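Work through the exercises below with the sequence and the model open beside you. Try each task before you read its solution.

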Amino acid sequence: MIDPTAGGAVPAPESPTDDQAAASLRALVERAASDLAARDARTEALARYKPARRIVVVKTVESLEPAGRAWRLGVLLLGTDGRVFETGRITRAVTPTRSQHLSAQVEQRKAERRAAVRGHFAEGEVVNYGYEPVDLSTGALQAGEQRLLVRDGRALVRWGTAAGEVRDLAAYLADRAELL
């Protein structure tokens, strides 16, 4: 590109590299977490599934054990400690009624609610489990195999089920944070 006033060549502005976009993505996540914490936005419980098992002659029951707190931002869970997860399953800690032998799906949801109650979550609390951690390393973000990715120097989030449904991460986080 030539600057007619200087009479010389002016280098074209460089677009950000994927490395810079990855650093920008990590900064966006940190900024979103601190903003949500400052606004005292509503969090949801994170839990780990603990399956039933047999210890000698005693059989334990399945439960969901507490694993922290997070803000639900659509397809992402942003932990209060700054970690990012892809959403998994969700239930509510509610003491279910007795089994009525309905469909297997209904009975499974009741078992999940019962497991949340056994995990000592408050009655009615939303509990997230089965979530997957998002690797924020530059290599993983460039590979594009998870919800957060960098492409062409831009930080993006995959929010749909189709591979091509991506959106600018900054705009996505701003929209989702506003809903909280």
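**Exercise 1. Empty space inside the model**

Task: Find how many cavities of 30 Å³ or more there are, and describe what lines the largest cavity.

Solution: The count comes to one cavity of 30 Å³ or more, in a structure that, as should be kept in mind throughout, is a predicted model. The next step is the volume, which for the largest cavity is about 40 Å³. Turning to the walls, we find that the largest cavity is lined by V29, L73, L76, L77, L78, V84, L148 and L173. If we then sort this lining by class, we obtain eight nonpolar, no polar and no charged residues. Finally, we ask which element gives the largest share of the lining, and the reply is strand 7 (residues 76-79), with three residues.

**Exercise 2. The chain as a whole**

Task: State how many helices and strands the protein chain has, and what percentage of its residues is buried.

Solution: The protein chain contains four helices and 14 strands. Of its 180 residues, buried ones make up 34%. A further step looks at contacts between residues at least 6 apart in sequence, and among these 56% join residues at least 24 apart.

**Exercise 3. A pair of rings**

Task: Search the whole structure for aromatic pairs and classify what you find.

Solution: The search finds one aromatic pair. The ring centres of F85 and Y131 are 4.8 Å apart, and because their planes stand at 65 degrees, which is over the limit of 60 degrees, the pair is edge-to-face. We next place the partners along the chain: F85 belongs to strand 8 (residues 84-86), whereas Y131 is in the loop between strand 10 and strand 11 (132-133), so that the pair links distant parts of the chain, 46 residues apart. As a last step we check burial, and find that F85 and Y131 are both buried.

**Exercise 4. Two glutamates in loops**

Task: Decide for E125 whether it is buried or exposed, and do the same for E145.

Solution: We begin with E125, which is found in the loop between helix 2 (104-118) and strand 10 (126-129). Its relative accessibility is 18%, and because buried means under 20%, E125 counts as buried. Leaving aside residues up to four places away in sequence, E125 touches A45, R69, T91, R92 and A93. With one of these, R69, the side chain of E125 makes a polar contact of 2.3 Å.

We continue with E145, which lies in the loop between helix 3 (138-143) and strand 12 (148-151). Its relative accessible area is 74%, and because exposed means over 50%, E145 is exposed. The C-alpha atom of E145 is separated by 9.5 Å from that of R158, a residue 13 places away along the chain.

**Exercise 5. Positive phi angles**

Task: Examine the phi angles of D40 and H120, and say where in the chain each residue is placed.

Solution: A reminder helps here: most residues other than glycine have a negative phi. D40 is not a glycine, yet its phi is positive, at about 55 degrees. The residue D40 sits in the loop between helix 1 (18-38) and strand 3 (44-50), and with a relative accessible area of 68% D40 is exposed. H120, likewise a residue other than glycine, has a positive phi near 65 degrees. H120 is placed in the loop between helix 2 and strand 10, and at 72% relative accessibility H120 counts as exposed.

Terms used
Residues are numbered from 1 along each chain as its sequence is written. This is a predicted model: local features need pLDDT of at least 70, side-chain atom pairs count only at pLDDT 80 or more; totals for chains, interfaces and linings use all residues. Side-chain values use heavy atoms; hydrogens and water are left out. Helices (H or I, at least four residues) and strands (E, at least two) are DSSP runs, numbered from the N terminus. Buried means under 20% relative accessible area, exposed over 50%, partly exposed in between (1.4 Å probe, protein chains only). A polar contact is a pair of N or O atoms within 3.5 Å; within protein, one must be able to donate a hydrogen and the other to accept it, and residues adjacent in sequence count only if both atoms are side-chain atoms. Contact means heavy atoms within 4.5 Å. Rings of Phe, Tyr and Trp (its six-membered ring) pair if their centres lie within 6.5 Å; planes under 30 degrees apart count as stacked, over 60 as edge-to-face and the rest as tilted. On a 1 Å grid over the protein atoms alone, a cavity is a set of points where a 1.4 Å probe fits but cannot get out, and a pocket is an open set with protein on both sides within 12 Å along at least five of seven lines; lining residues have an atom within 4 Å of a point. Grid points are joined across faces, edges and corners, and a volume is the space filled by probe spheres set on the points. Ala, Val, Leu, Ile, Met, Phe, Trp, Tyr, Cys and Pro count as nonpolar, Asp, Glu, Lys and Arg as charged, and the others, Gly among them, as polar.
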